Amino acid sequence: MPSPRPAPAPPIRDERRRPLSSLVAARRVDLFLLLVAIAWGSSYLAAKTLTDTVGVTVILSLRFLITTLALALIWLIWKRRRAVRRELIVGVVLGLTQAAVLILETHGIAGTSATNAGLIISLVVVFTPLTESVGFRVRVPRTVFIAGVVAVVGVCLLVSGDGFAAPTLGDMLVLAAAVVRSIHVTAVSALTRGRGYSALNLTLAQSAVCAVVYTCADYQGVLQAVHSFDAGEWMGVLYLGLACSVFAFLIQTWAIQQTSASRVSLLMGTEPIWAVLIGTTIGRETLTLLGILGAALIITGTYLGLRSETRQRVAPMPAA
């Protein structure tokens, strides 16, 4: 009786090479996040222009009323499932943190330049790995601390003007917004990853919470703005509501479920680049020599943080 033929050896798989479909999906996530960064980079100039005519709370109320209506329409068209109780609770919690981020950020924009706001808010790139390390009990790479120091030095130079001076109240509010945003991004990751929640349901719940909070804060101002806004002001509010909220929040929530919270923040760390380009070209804002140096350091810190996070994600796991 002939001996059985040996089973063919399993093909050797090169773990260093990711499947093409996986690479394409990763690049697609990165591309959408960059589009979010462009939208948010341009939002500072749009918000700055609107705060010259109406109050911050009024702008945010109209922005999120538009956002909520648009998301509700999308939900009806797609016939998505209803949110379960736990999903709704998570959406409300994240809506409150998002409301805190935007009220700080928009008040800060009113007290500083659009360029400064866009650059300072990018410190979320430094803060998010720190909050993520606390929340998930993971080690922060040393390069992240180096990137943090570089970025903080850059902010100090940016707000110094022609010489070293104390930051304005607007600068400090934007800095506080960066801290709260890093907590928000980490909370999104902690509360949604692996739970199968709908990004649309979560974003709709967050937007509805923001709309209710801001409208209740100044409903009379909202009614006055509805009757007094001209076409240009409505275009600005619509841009903030549709491009910077509906599109951006849906993509952000979806992307965090596909990758890490740190990578989402680091890829959106290109936001200050677009803020500077749009603020200095369309908004005709200027930067001093120290400000240009500070902007370069902030962008360098963002790049260092991105490289560090990428290396950590692709590093091989140690054998058990």
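In the predicted model, residue Q98 is located in helix α3, and it counts as buried because its relative accessibility is 7%, below the 20% limit that defines this class. Leaving aside residues up to four places away in sequence, Q98 is in contact with H184, Q206, C210, Y214 and F249.

Several of these partners recur around F64, which, with the same exclusion of residues up to four places away in sequence, touches L102, S207, C210, A211, Y214, S245 and F249. Both F64 and Y214 belong to the largest nonpolar core, a set of 39 residues in which these two, together with L33 and L62, are the residues with the most contacts inside the core. At least two residues of this core are supplied by each of the helices α1 (20–51), α2 (56–78), α3 (85–110), α7 (169–192), α8 (199–217), α9 (219–228), α10 (231–258) and α11 (261–267), and the greatest contribution, 8 residues, comes from α10. Separate from this assembly is a second core of 22 residues, among them A114, L119, I121 and I278.

Helix packing was examined for α5 (residues 124–136) and α6 (residues 142–158), whose axes lie 9 Å apart and form an angle of about 145°, with α5 passing α6 in a left-handed crossing. On the α5 side the contact is made by V126, P129 and L130, whereas α6 contributes V144, F145, A147, G148 and A151. Classified by residue type, the contact between α5 and α6 comprises 7 nonpolar residues and 1 polar residue, with no charged residues.

Key: Residues are numbered from 1 along each chain as its sequence is written. This is a predicted model: local features need pLDDT of at least 70, side-chain atom pairs count only at pLDDT 80 or more; totals for chains, interfaces and linings use all residues. Side-chain values use heavy atoms; hydrogens and water are left out. A nonpolar core is a set of buried Ala, Val, Leu, Ile, Met, Phe, Trp, Tyr and Cys residues joined through side-chain atoms within 4.5 Å. Buried means under 20% relative accessible area, exposed over 50%, partly exposed in between (1.4 Å probe, protein chains only). Helices (H or I, at least four residues) and strands (E, at least two) are DSSP runs, numbered from the N terminus. Contact means heavy atoms within 4.5 Å. Axes are lines fitted to C-alpha atoms, for helices over the stretch in contact, and angles run from 0 to 180 degrees between N-to-C directions. A crossing is left-handed if the near helix is turned anticlockwise from the far one by less than a right angle, and right-handed if clockwise. Ala, Val, Leu, Ile, Met, Phe, Trp, Tyr, Cys and Pro count as nonpolar, Asp, Glu, Lys and Arg as charged, and the others, Gly among them, as polar.
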